[in-house]
There are 2 protein chains.
Amino acid sequence: MTSELEQLFEFLRFPSISTDSRHAGDVRACAEWLVGKSTALGLSAELYETPGHPVVIAKNKHQPGRRTVLIYGHYDVQPVDPLDLWTSRPFEPEIRDGKIWARGATDNKGQMFSHLLGAGKTIAEKGDLPVNLTFLFEGEEEIGSPNLAPFLKEHREMLACDVIAVSDTGMVAPGVPTMGYGLRGISCCEVIVHGPNKDLHSGLFGGAVANPATAVAQLVASLHDAEGKVLVEGFYDDVRPLEAWEREMWAKVPGVSDADFLEVTGSPATFGEAGYSAAEQTWARPTAEVNGIAGGYQGEGSKTVIPASAMAKFSFRLVPDQDPADIMKKVQAHFDKHRPAGVRIEVVPGHDGRPYHVDPQAEFGKAAQRALKTAFGKEPMLIREGGSIPIIQDLKDILGADTLLLGLALADAQIHSPNENFPVENFESGIRLNQALLEELSK
Amino acid sequence: MTSELEQLFEFLRFPSISTDSRHAGDVRACAEWLVGKSTALGLSAELYETPGHPVVIAKNKHQPGRRTVLIYGHYDVQPVDPLDLWTSRPFEPEIRDGKIWARGATDNKGQMFSHLLGAGKTIAEKGDLPVNLTFLFEGEEEIGSPNLAPFLKEHREMLACDVIAVSDTGMVAPGVPTMGYGLRGISCCEVIVHGPNKDLHSGLFGGAVANPATAVAQLVASLHDAEGKVLVEGFYDDVRPLEAWEREMWAKVPGVSDADFLEVTGSPATFGEAGYSAAEQTWARPTAEVNGIAGGYQGEGSKTVIPASAMAKFSFRLVPDQDPADIMKKVQAHFDKHRPAGVRIEVVPGHDGRPYHVDPQAEFGKAAQRALKTAFGKEPMLIREGGSIPIIQDLKDILGADTLLLGLALADAQIHSPNENFPVENFESGIRLNQALLEELSK
């Protein structure tokens with residue numbers, strides 16, 4: 001195994017699950033390790049406290065007259081359940097079939113670390129980088145980056161830059177360089193339905209009291225028509241229509257046909273809003289998804305209860321020019337309007353982030369396309385992304401810089417799922433990409 | 001504490017949870033304890049193996065020329081979760097406010113044990129009982145008595161009887177003797193909705209694949225109109241209309257007004273099929289309840305996944321003359337008709353039992369009413385019950401005898417819920433009831 005892979009494996013072994021308070025110590029240990037690693041690679045690095053998990057900043061010596069580039073990444077990861085579906089343990093990385101298998105291998109440790117190693121390599125080869133570089137590594141991306149915007153505001157001068165690069169998005173196919181120019185936003189909430197003040201015997205009381213599990217199901221069911229179109233009033237009002245060139249280019253993108261989606265997901269059938277391809281549905285159309293639903297007895301056998309309460313966790317993926325706060329207002333109005341009788345509804349708003357969109361043919365976009373071509377030997381594809389990186393909009397608003405989305409994730413990377421993986425080849429391309437990118441951006 | 005209570009506490013300390021295979025040893029230990037206890041009280045007792053949990057039979061010496069009475073009870077109990085809502089531990093019985101607090105205190109250990117102690121007392125006082133008595137104690141009532149009907153068939157001669165008595169139903173109010181002449185039946189199933197072959201990132205794939213949690217919610221929501229009427233086609237076809245005398249009597253029964261239901265359940269509002277009181281809704285109208293629903297992430301914080309699968313556990317409470325098999329066929333047809341697109345549906349049938357109904361003014365019914373009056377000093381109320389004891393219909397079919405439902409459970413007994421309880425007074429009345437009942441039935 002190469003020294004680069006050995007260092008990545010060290011990084012992947014930290015169970016830095018940001019959403020689970022039991023892992024707070026692991027998240028911090030991971031941040032401290034990053035400070036040490038960045039220093040060893042020739043950067044000057046520091047850990048910054050936040051009200052949540054720490055931020056790590058690593059820089060070369062900035063000099064006047066050079067472009068300043070900020071590279072963002074996150075060292076926190078998603079939870080790992082259901083654990084029994086993993087082939088190897090999530091925090092004991094392994095290489096099988098040319099891929100690195102571990103939680104965070106793609107999202108985002110593998111991608112961010114290739115940039116860090118790329119910068120270290122250039123420093124080792126040339127003594128310095130061709131630009132002023134600032135690495136910004138956060139530990140709260142998977143919980144919606146609640147403390148990053150305040151951090152950006154507080155350290156606006158230290159983080160001042162001309163352009164930002166992030167590798168936390170997808171490649172359309174193995175070996176095909178990809179530049180993203182759009183991301184979906186997100187707006188989350190949890191709905192708790194309260195009924196009786198305790199679980200009730202469904203024989204003794206069934207028929208005379210409302211069942212919170214039924215009520216939460218009715219709320220979930222009220223969100224879509226049979227084809228998957230969202231029924232929240234005004235939901236599509238601000239959705240920017242797809243442009244003709246986008247539909248044309250995306251139709252040629254490999255790996256994102258409806259058949260590809262079926263194969264990658266293993267879903268039994270195609271599904272979704274009529275009139276849109278799977279790529280269009282996921283890159284340019286908004287959604288309403290229930291990410292979790294629970295109520296009553298879930299164990300072995302049966303238990304004939306009417307549960308005291310039930311809940312559902314929702315996330316709404318948004319596209320330009322939808323506004324998360326406006327959408328949450330419309331969703332709350334929808335739940336009010338569709339509130340089932342006989343229960344009490346509690347809506348707890350969650351994290352959110354605006355959708356993102358930039359012009360791919362502006363100066364830095366063209367530089368990034370050249371770097372991608374250098375690193376991969378092919379013309380890049382221009383796409384949007386279905387995922388959400390709310391911080392990208394914050395970076396734009398607070399630092400005033402556009403972000404280049406230079407993703408290295410493959411569609412079957414299983415991010416957020418069991419058996420997350422990252423090809424060794426993508427890790428190595430990422431190192432080359434960082435070297436070419438800083439060179440192109442210095443011009 | 002009286003010796004009777006001390007003996008009951010010993011019985012309640014067994015965590016005889018029949019649905020949970022981890023407690024199989026506790027269920028057996030409880031059965032063995034019952035054999036010893038019955039023997040000590042002067043009966044001849046034996047443990048019988050079944051493919052599941054054991055049955056215990058205890059008898060006095062049967063003599064020709066006497067009535068033969070069978071008393072049925074169950075020594076298994078419901079699960080105890082959510083454990084953190086119990087004031088005292090479920091298997092460490094305590095007396096507070098004149099009540100015994102423990103899992104099984106009412107359902108059914110407290111009630112069945114008062115009969116056993118009543119018989120023991122009569123034997124101690126008079127040397128024998130006035131009738132031939134057979135106690136039949138099973139350990140699988142809470143999982144639908146899968147092995148009792150075969151047991152009844154195999155031991156039909158040993159169990160032959162003129163009449164059956166069961167205390168596993170409700171009293172309408174403290175101190176008001178109650179005879180039940182009807183029970184709802186039940187038909188259960190679990191629905192598993194299968195979507196992608198793993199949990200998916202809701203950003204990358206949301207909009208292009210069906211979400212099993214949404215689909216299961218749509219199935220649940222398809223079952224009712226806004227007032228709680230069941231929408232399964234043909235569901236009400238065989239429902240026997242309420243008779244005028246029933247509606248009149250039930251209107252006078254204490255403790256079962258809509259306001260009483262609200263107070264006992266703590267539900268935020270009245271709810272249910274229009275045109276029926278809460279008593280009528282629960283005693284004489286069928287239901288479709290979801291007892292458990294689950295899919296996706298349920299932990300702290302958020303995890304933006306589309307779950308690979310989701311499930312719901314259903315129970316349908318049935319009234320005369322609905323047939324469980326017929327209802328399950330109609331429910332399956334309903335799920336087929338309302339199957340959401342893009343997912344695969346698996347319906348796993350569960351346990352069932354027919355609704356039960358007898359004439360309260362036949363000979364044994366009158367004897368039971370006299371015994372209730374002797375034990376409580378008041379005229380009994382005649383009611384039906386919302387719960388299901390499927391075995392009652394099996395007893396009728398296989399042994400050919402009617403069952404007297406002489407319940408001692410109060411509405412706030414919290415059976416199947418945290419903080420199950422049983423008044424000491426009801427326990428003592430149960431002992432008197434057994435003595436009076438065997439006397440009246442001997443006439």
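Contact here means heavy atoms within 4.5 Å. With that in hand, Glu4(A), Leu5(A) and Leu8(A) of helix H1(A) touch Val424(A), Phe427(A) and Ile431(A) of helix H13(A). Keep in mind that this is a predicted model. What follows walks through some helix packing in chain A, a few backbone oddities, one annotated domain and the way the two chains relate.

**H1 against H13**
- Two packed helices are described by the angle between their axes and the distance between the axes.
- For H1 (residues 3-12) and H13 (residues 424-441) of chain A, the angle is about 105° and the axes lie 11 Å apart.
- Because angles of 65 to 115 degrees count as roughly perpendicular, H1(A) is roughly perpendicular to H13(A).
- Sorted by class, this contact has 5 nonpolar residues, no polar ones and 1 charged one.

**H1 against H3**
- H1(A) also packs on H3(A), at an angle of about 135° and with 10 Å between the axes.
- That angle makes the pair oblique to each other, and their crossing is right-handed.
- On the H1(A) side the contact uses Glu4(A), Gln7(A), Leu8(A), Phe11(A) and Leu12(A).
- H3(A) answers with Lys109(A), Gly110(A), Met112(A), Phe113(A) and Leu117(A).
- The class split for this contact is 6 nonpolar, 2 polar and 2 charged.
- Glu4(A) and Leu8(A) turn up in the contact with H3(A) and also in the one with H13(A).

**H2 against H3**
- H2 (residues 24-40) and H3 (residues 109-126) of chain A pack at about 20°, with their axes 12 Å apart.
- Angles under 35 degrees count as roughly parallel, so H2(A) is roughly parallel to H3(A).
- The crossing of H2(A) past H3(A) is right-handed.
- From H2(A), the residues in contact are Cys30(A), Trp33(A), Leu34(A), Lys37(A) and Ser38(A).
- From H3(A), they are Lys109(A), Met112(A), Phe113(A) and Leu116(A).
- By class that gives 6 nonpolar, 1 polar and 2 charged residues.
- Lys109(A), Met112(A) and Phe113(A) serve in this contact and in the one between H1(A) and H3(A).

**Backbone oddities**
- Most residues other than glycine have a negative phi, and most peptide bonds are trans.
- One exception is the cis peptide bond joining Asp107(A) and Asn108(A), where omega is about 5°.
- Asn108(A) sits in the loop between strand S5 (99-101) and H3 of chain A.
- Over in chain B, the peptide bond from Asp81(B) to Pro82(B) is cis too, with omega near 0°.
- Pro82(B) belongs to the loop between strand S3 (68-74) and strand S4 (94-96) of chain B.
- Asn419(A) is a residue other than glycine with a positive phi, near 65°.
- You'll find Asn419(A) in the loop between strand S17 (403-405) and strand S18 (421-423) of chain A.

**Annotated domain**
- An unreviewed UniProt entry lists residues 181-341 of chain A as "domain: Peptidase M20 dimerisation".
- Over residues 181-341 the chain is 32% helix and 23% strand.
- The end C-alpha atoms of residues 181-341 are 45 Å apart.

**How the chains relate**
- Two copies of a chain are related by a rotation about an axis and a shift along it.
- Here, a turn of 180° with a shift of 0.0 Å along the axis lays chain B on chain A, with an RMSD of 0.0 Å.
- That is the relation of a two-fold axis.
- The copies meet through the same surface, because 99% of the interface residues of chain B are also interface residues in chain A.

Methods:
Residues are numbered from 1 along each chain as its sequence is written. Chains are lettered from A and ligands numbered from 1 in the order in which they are written. This is a predicted model: local features need pLDDT of at least 70, side-chain atom pairs count only at pLDDT 80 or more; totals for chains, interfaces and linings use all residues. Side-chain values use heavy atoms; hydrogens and water are left out. Axes are lines fitted to C-alpha atoms, for helices over the stretch in contact, and angles run from 0 to 180 degrees between N-to-C directions. Helices (H or I, at least four residues) and strands (E, at least two) are DSSP runs, numbered from the N terminus. Angles under 35 degrees count as roughly parallel, over 145 as roughly antiparallel, 65 to 115 as roughly perpendicular and the rest as oblique. A crossing is left-handed if the near helix is turned anticlockwise from the far one by less than a right angle, and right-handed if clockwise. Ala, Val, Leu, Ile, Met, Phe, Trp, Tyr, Cys and Pro count as nonpolar, Asp, Glu, Lys and Arg as charged, and the others, Gly among them, as polar. Copies are superposed by least squares on the C-alpha atoms of residues with pLDDT of at least 70 in both. UniProt positions are given in the numbering used here, feature names are shortened, and annotations may be inferred rather than shown by experiment.
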